[in-house]
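Here are a few short exercises to work through with the structure open beside you. Try each task before reading its solution.

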Amino acid sequence: MADFGFNEHHQNEIINYMRFARSKRLLRLKTIDSCFEELKDSRLVEETFTVDEVREMLDGLQMVVRGEVEMELINTAHTNVLLLRQLFSQAEKFYLRLQSDISELENRELLEQVAEFEKTDFKTTNKMNLETSKPKLAPLNEGGVSELLNKEIARLQEENDKLKSRLRTLESQAMSALDEKTKAERALKDLKRTQGEQQLSAQTKEISSLEDTVAALKEDYERSLSAKAASQKDLQENLITAKHELLRVQEQLALAEKELDKKFQQTAAYRNMKEILTKKNEQIKEIRKRLQKYEPDD
């Protein structure tokens with residue numbers, strides 16, 4: 001019996017797949033045979049055919065056979081993909097990574113071994129204990145896989161412990177950060193309250209100072225108004241006095257003129273009267289100057 005380096009279970013699986021592939025191949029060959037038989041029965045009813053008729057029959061047969069072969073090849077490729085999918089899914093469950101060498105698929109030596117295996121060993125498969133149910137990949141129970149799984153479990157457990165420790169550290173840091181945030185918010189509120197009180201006190205002092213300044217300015221303004229009113233009153237009184245003095249001087253001047261008319265011819269009296277008039281004129285000028293100083297602009 002040919003040996004491909006597999007245990008009995010895996011070799012049985014290979015035999016099952018080869019049986020499946022052979023059944024599909026035989027079915028497709030029967031289909032191709034039926035194409036030829038159909039051509040014989042339907043077209044080869046006459047003894048002689050022209051070249052064109054023969055060419056037409058062969059072209060039609062070529063198309064039918066080509067379609068059947070192409071369909072079989074496509075179906076075989078798709079079947080192999082499904083088989084590989086099963087194998088890869090089984091491997092991934094046990095954290096295995098399978099690799100394939102495409103170049104080995106055209107290795108003539110290996111292909112000849114497979115052909116020899118099919119010829120000699122495939123006929124004796126009934127002597128083996130094959131599974132009668134639907135083909136299914138069985139779990140791997142070799143010691144190497146178990147050890148690999150144990151290592152993977154231990155690694156995951158260790159990683160889980162590290163993550164838990166990291167989570168506890170992050171929780172502790174988060175709680176510390178939350179406490180610091182609460183303290184900072186409380187300190188900020190206290191600072192705002194203190195600043196608010198200080199600002200209120202400063203504003204109160206500033207308002208009080210402004211009120212005092214306004215009161216002082218108001219008092220100075222009233223004092224200035226009073227002084228101005230008193231000064232104006234004094235000016236008015238001085239003006240009235242000056243006017244009275246002017247009237248009196250004018251009366252004296254009129255009297256002097258009258259006296260001057262009486263004593264005009266008296267030389268000494270004239271001279272005296274002239275001196276008096278001169279003095280009075282000077283007094284009038286002086287009074288007018290004083291009046292110009294005290295009279296308002298209007």
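**Exercise 1.** Find which residues are linked with R28 in a network of salt bridges in this predicted model, and work out where the partners E72 and R28 sit.

*Solution.*
- Step 1: The network joins R28 with E68 and E72.
- Step 2: Take the pair E72 and R28, whose side chains form a salt bridge with N and O 3.1 Å apart. This pair connects distant parts of the chain, since E72 belongs to helix α2 and R28 to helix α1 (residues 8-43), 44 residues apart.
- Step 3: Now check the cover. Buried means under 20% relative accessible area, so E72, at 12%, is buried. R28 is buried too.

**Exercise 2.** Decide whether E37 and K40 are buried, partly exposed or exposed.

*Solution.*
- Step 1: Locate the two residues in helix α1, three residues apart, about one turn of the helix. They form a salt bridge, with the closest N and O atoms 3.9 Å apart.
- Step 2: Partly exposed covers the range between under 20% and over 50%. E37 has 41% relative accessibility, so E37 is partly exposed; K40, at 44%, is therefore partly exposed as well.

**Exercise 3.** Work out which residues gather with K289 in a patch of positive charge, and classify K289 by its accessibility.

*Solution.*
- Step 1: On the surface, K289 is grouped with K285, R290 and K293.
- Step 2: Helix α5 (residues 267-294) contains K289.
- Step 3: The relative accessibility of K289 is 51%, so K289 counts as exposed.

Methods
Residues are numbered from 1 along each chain as its sequence is written. This is a predicted model: local features need pLDDT of at least 70, side-chain atom pairs count only at pLDDT 80 or more; totals for chains, interfaces and linings use all residues. Side-chain values use heavy atoms; hydrogens and water are left out. Patches are made of residues with over 30% relative accessible area and no salt bridge: like charges are joined within 9 Å, nonpolar side chains (Val, Leu, Ile, Met, Phe, Trp, Tyr) within 5 Å. Accessible areas come from the Shrake-Rupley method with a 1.4 Å probe; for residues, only the protein chains shown count as cover. A salt bridge is a side-chain nitrogen of Lys or Arg within 4 Å of a carboxyl oxygen of Asp or Glu. Lys and Arg count as positive and Asp and Glu as negative; His and the chain ends are not counted. The place of a charge is taken as NZ of Lys, CZ of Arg, CG of Asp or CD of Glu. Helices (H or I, at least four residues) and strands (E, at least two) are DSSP runs, numbered from the N terminus. Buried means under 20% relative accessible area, exposed over 50%, partly exposed in between (1.4 Å probe, protein chains only).
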